[in-house]
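Student: Hey, I've got a new model open and could use a quick tour. Shall we look at it together?
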Amino acid sequence: MHTDRNDDEMRMKVREMIGEIGTAIFTTIDQQGRLRGRPMRTQKPDPDGRTLWFFTRADSPKIAELEGDSRVLLGYADTRSQDYVSIFGRGRVVRDVAKKRAVWTEGVRTGCPRGRRATRWR
């Protein structure tokens, strides 16, 4: 049986592992029901340990995929330390300018040279 304390400890351990790995295979479901995975860099997680943030281009197919089916699978792997994390959740597109500024890092500019659009995973 898990207590809230154990759940919080596990959530913080997963958050630490994700932070060290950094890049996830972000898997969505397209309009034909096919799984589509691509590497995406995880941004600053929310303090609650339950919400992860990613950036994507405004014209990315991920936008339509998330709006059509919000199910998301994230896979993280660090083969050197043998740390592996797989997380299922719901994603949605967030267009909140203040939140984009809060989670933006200059490292994102390479994949999103024209600006900020955050994708929230929860």
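Tutor: Happy to! One term before we start: accessible areas here come from the Shrake-Rupley method with a 1.4 Å probe. Also keep in mind that this is a predicted model.

Student: Good. So what area does the chain expose, and what do carbon and sulfur atoms supply?
Tutor: About 7600 Å² is exposed by the chain, and carbon and sulfur atoms supply 50% of that.

Student: And what share of the residues is buried?
Tutor: Of the 122 residues in the chain, 40% are buried.

Student: How many helices and strands are there, and in which order do the elements run?
Tutor: There are 3 helices and 6 strands. Starting at the N terminus, the order is α-β-β-β-α-β-β-α-β.

Student: Let's zoom in on strand 1. Why is it largely enclosed?
Tutor: Strand 1 covers residues 23–29, and 5 of its 7 residues are buried, so the rest of the structure largely encloses it.

Student: Which way do strand 1 and strand 2 run, parallel or antiparallel?
Tutor: Antiparallel, with 7 bridges joining strand 1 to strand 2, residues 35–41. One pair to click on is T23, whose bridge partner in strand 2 is R41.

Student: What's going on with phi at G33 in that hairpin?
Tutor: The hairpin has 5 residues between strand 1 and strand 2, and G33 takes a positive phi near 85 degrees there.

Student: How many bridges link strand 1 and strand 4?
Tutor: They pair over 3 bridges, in the antiparallel sense, and strand 4 spans residues 71–78. Look for I25, which stands opposite G75 in strand 4.

Definitions and conventions. Residues are numbered from 1 along each chain as its sequence is written. This is a predicted model: local features need pLDDT of at least 70, side-chain atom pairs count only at pLDDT 80 or more; totals for chains, interfaces and linings use all residues. Side-chain values use heavy atoms; hydrogens and water are left out. Buried means under 20% relative accessible area, exposed over 50%, partly exposed in between (1.4 Å probe, protein chains only). Helices (H or I, at least four residues) and strands (E, at least two) are DSSP runs, numbered from the N terminus. Two strands pair if DSSP finds at least two bridges between them.
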